[in-house]
Amino acid sequence: MEIIAQTKRTKSLNDLPRAKSAKELQTMKFKAWSFEGKWKDFLGTPETTGCWMIWGNSFNGKTSFVLQLCKYLSNFENVIYDDLEEGWCQDTQDAVKAAGLDDVGGKFLHLHKEQIPLLKKRLQKHKSPNIVVINSLQYADLNLKGYMELRAMFPKKLFILISHAEGKHPEGRIAKRIRYDCAKKIRVEGFRAFAQVRGKGLGQYDIWPEGAAQYWNELQ
């Protein structure tokens, strides 16, 4: 029995994932999107998987920004937008139309307040969209464990989480903790989006140029 127990312990230790040297790490290839123009200036060439977070106060252009981003991302992958807050209503219809998403056909799908357990079942389907937008983190009722489980279930997808804001930060302890795990952290204020781009500093994207100019000029 002692020999069997020792064998099991040895096997368990041998099953540990192998660590990589610095040189081996440099040879790894990661899939990224070749963004162009203002989107490349704003977000660089982001990886196609992982998690991004977008937050901002109401009436600052957050929804418009997310939908503009969805339209651009639809050039690369299918996008599914789980709208837990607004769902299907006149305001959503107008916002989707204003972003030009009518033009992308089935590359963009909009869900009406679909809770996370049902969303998981949908994402398990063959050829389900690889970009998943959840509006919002607060309405999704996700805790940190639930978020990590969602990421682990779908490691080849990109999750974009929208969050309410508390000042200049995401609202709530869970949102703030999840933010640390996000590759892209995007704050929206005054019809302008801000994102930290590695090697380039703080990137900016004007959601509504006229509105952004008026808002930020008034603050100066």
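## Close-up views of a predicted model

Phenylalanine 30 lies in the loop between α2 (22-27) and α3 (37-43). The model shown in these views is predicted.

**View 1. A nonpolar patch on the surface includes phenylalanine 30.** Phe30 shares this patch with Leu25 and Met28. Together, the three residues have about 290 Å² of accessible area. Phenylalanine 30 has a relative accessibility of 52%, so this residue counts as exposed, the cut-off being over 50%.

**View 2. Strands β2 and β3 pair in the parallel sense.** Strand β2 covers residues 79-83 and strand β3 covers residues 108-112. The pairing runs over 5 bridges. In one of them, aspartate 82 has leucine 111 in β3 as its bridge partner. Helix α5 (residues 90-98) joins β2 and β3 in a β-α-β unit, and this unit is right-handed.

**View 3. Lysine 97 and aspartate 102 form a salt bridge.** The closest N and O atoms of the two residues are 3.7 Å apart. Lysine 97 has a relative accessible area of 58% and is therefore exposed. In total, the structure holds 8 salt bridges, and the next two views show others.

**View 4. A salt bridge joins the side chains of lysine 168 and glutamate 189.** The N to O distance is 3.0 Å. This pair links distant parts of the chain, with the two residues 21 residues apart. Lysine 168 is in the loop between β6 (165-166) and β7 (169-170), whereas glutamate 189 is in strand β8 (residues 184-189). Is each partner buried or exposed, or something in between? Lysine 168 counts as partly exposed because its relative accessibility is 47%. Glutamate 189 has a relative accessible area of 13%, so this residue is buried, the cut-off being under 20%.

**View 5. Aspartate 206 and arginine 192 form a salt bridge between two strands.** The closest N and O atoms are 2.6 Å apart. Aspartate 206 belongs to strand β10 (residues 201-206) and arginine 192 to strand β9 (residues 192-197). The two residues are 14 residues apart, and the pair links distant parts of the chain. Aspartate 206 is partly exposed because its relative accessible area is 30%. Arginine 192 counts as buried because its relative accessibility is 15%.

**View 6. Lys168, Arg187 and Glu189 belong to one network.** Salt bridges that share partners join these residues.

Technical notes: Residues are numbered from 1 along each chain as its sequence is written. This is a predicted model: local features need pLDDT of at least 70, side-chain atom pairs count only at pLDDT 80 or more; totals for chains, interfaces and linings use all residues. Side-chain values use heavy atoms; hydrogens and water are left out. A salt bridge is a side-chain nitrogen of Lys or Arg within 4 Å of a carboxyl oxygen of Asp or Glu. Buried means under 20% relative accessible area, exposed over 50%, partly exposed in between (1.4 Å probe, protein chains only). Helices (H or I, at least four residues) and strands (E, at least two) are DSSP runs, numbered from the N terminus. Two strands pair if DSSP finds at least two bridges between them. A crossover is right-handed if, with the strands pointing away from the viewer, the path from the first strand over the helix to the second runs clockwise. Patches are made of residues with over 30% relative accessible area and no salt bridge: like charges are joined within 9 Å, nonpolar side chains (Val, Leu, Ile, Met, Phe, Trp, Tyr) within 5 Å. Accessible areas come from the Shrake-Rupley method with a 1.4 Å probe; for residues, only the protein chains shown count as cover.
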